[in-house]
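Got the model open in your viewer? Let's walk through it one selection at a time.

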Amino acid sequence: MTGTRAGASPRAPRGERKVRAWLLDGLSETAARHPGPHGTPPPEHRGNRWWRVMCLTGVDYFSTLGYQPGIAALAAGLLSPLATLVLLALTLFGALPVYRRVARESPHGEGSIAMLERLLPWWPGKLLVLVLLGFAATDFIITITLSAADAAAHVVENPYAPSWLDGAALWITLGLIGLLGAVFLKGFREAIGVAVVLVALYLALNVVVLASAAWRIAGAPVVIPDWWDAMTAEHSSPWVMVGVALLVFPKLALGMSGFETGVAVMPQIRGDATDTEERPAGRIRDTRKLLTSAALIMSVFLLLSSLATTLLIPQDDFKAGGPANGRALAYLAHRYLGEQFGTVYDLSTICILWFAGASALAGLLNLVPRFLPRYGMAPEWTRAVRPLVLVFVGIAVAITVYFDANVDRQSGAYATGVLVLMLSAAFASAVAVHRGGHRRAAAGFGMITAVFAYTLVANVIERPDGLKIALLFIAAIVLTSFASRVHRAFELRAGNIVIDATALRFIDDAARKGPVRIIAHEPSEHSTAEYRMKEYSRRQEAHIPGGRPVLFLEAFVRDSSDFTADLSVRGDEKYGVRRLRVEGATVPNAIAAVLLSIRDRTGRVPHAYFTWTEGAPFGHLLRFLVFGDGETAPVTREVLRRAEPDPARRPRVHVG
């Protein structure tokens, strides 16, 4: 139906129109300010103190204490504390320096993805970003599903849980994910205040549990010698223990999950009053405080929890179906502090795990509008929050069913997403310091990159499910992104248009004698004879009166992988003709934008004259999509048709 958007026909039932309006309420501008790890505060928002923002990223980072000790025990057995020490060394001397550098290089919350985007020009850079977005989506989605699954494990294993909940972990997990989606469909506003309360309560309860465990260990002097004897019985020497710990620590990579969100929350940090958009020194300093404090706090808790659970929990209890599987610290809370305290601990763990899922979903909702719309690769409906919520919740439900809400099986996929982002951050940091002339720092970051590469490869070999899921996300993102780019290729795709004084004078002079007449010219043809021949043939074929002036318009492609570009039109007079020269992402769209600008300035519809290009139409279409040129005349006409629905006001296109 002419003039009516698909799906919005006035004949559609009233209920259908209301549902559609509700779904599309909340466009990408709103999503970009959605609270969560990647939320950008509104301009009037002054930000928060760094320690409060640390709690926002901490609901993801610190909540891994709910399942990390159990995963470490399954992966390393009695060597879990040694493997955890290796992990902490990589955290403090690898991940922390890397993300402190990322905070400096990318202070507006784009993270390592934006750093790598700047390293590769043209389409390879865009494709790399799409691949990294696939891994980031894996990280966030598995955060939602794994956190909900572990929360369900705490519900089922609680002694006060009714008997009919036995074996209902999958349905509880799906219910928590559904509740998460319902909250975001309704609208989720305040995040930091809730995060501060949850993190403070959760860490305080963990201090009590670990203090109780330490008291038990101190009161039983044989516990540590028995543990050491058991390790030496399994492994012939301390060097073998260290070697095994180095081999198995990649399975513990979940303990480093908070760094990417740590730099993503940078726009929420207040910084100094003297901070500017170009040099937010205070924000960078406080983000580094956030990263360092979170890493130190988490390191202490990870080491103590690994020691406590390894020394006090029988190894068989960590296995699937065991009482400590996915809830090692909760097991200690119930066993040594009573069922009532244990239930309080369970409730706190369930809340922070659920909120970690909320934090991840908010991150996803802000990740899509941050990159894809700039590339012209976001389908129209992704401008609204609620359809995205439904899509992400649907994906989370499918992954939960696939893994049967099993925490251990999902940990490999989670670690894959985390490690790829850390590897990319380490590589980007190494390149950044190398370009800055810091050779020693570049060598250090290069070594960290190599360690993360080994950790990633070892994790993928051991648990390939993460790579499989990430590849599915990557394929979906790449296919939908390029399909959207093709669909939107005929939009105007012009930002600000600036015309210099010389070009304005040429346009005004031409307009005094009638409609402005533009001859599209190949920028490579530069000689007086070529310009004269082109003008003569156009006047003959299009019957342009001899006394009417013409202007030559030459468009240059700056970067055809960009979707939009600001246009700068320069005028000069060479080879006996007057020329308008413009640079843009594509030739036809830039010409169309200039023609519309001329129409708006002169009040008259301009005429543009083109020459047919030899070659196959499909080949020219591919050249336009990839290189920004191709068959210019029909594409320019189509861009004008979409940009100006009124034929009477649409610039005329003549082809000879």
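Start by selecting α18 together with α5, α17 (407-435) and α19 (465-487): these three are among the elements that cover the buried residues of α18, where contact means heavy atoms within 4.5 Å. This is a predicted model, so local features need pLDDT of at least 70, side-chain atom pairs count only at pLDDT 80 or more, and totals for chains, interfaces and linings use all residues. Residues are numbered from 1 along each chain as its sequence is written, and side-chain values use heavy atoms, with hydrogens and water left out.

Now keep just α18, residues 439-462. Its 24 residues reach 35 Å from first C-alpha to last, close to the 34 Å expected at 1.5 Å a residue (1.5 Å times one less than the number of residues). Show side chains for A442, F445, I448, T449, F452, T455, L456, N459 and V460: they are buried, meaning under 20% relative accessible area with a 1.4 Å probe, protein chains only.

Next, hop to helix α5 (residues 80-105) and pick T84. T84 is buried too, with a relative accessible area of 4%. Leaving aside residues up to four places away in sequence, T84 touches A72, L252, L302, L303 and S306.

Finally, zoom out to the whole protein chain. You'll find 24 helices and seven strands, taken as DSSP runs (H or I, at least four residues, for helices; E, at least two, for strands) and numbered from the N terminus. The C-alpha atoms fill a box of roughly 105 × 65 × 50 Å along the principal axes. Of the 656 residues, 55% are buried.

Notes: Buried means under 20% relative accessible area, exposed over 50%, partly exposed in between (1.4 Å probe, protein chains only).
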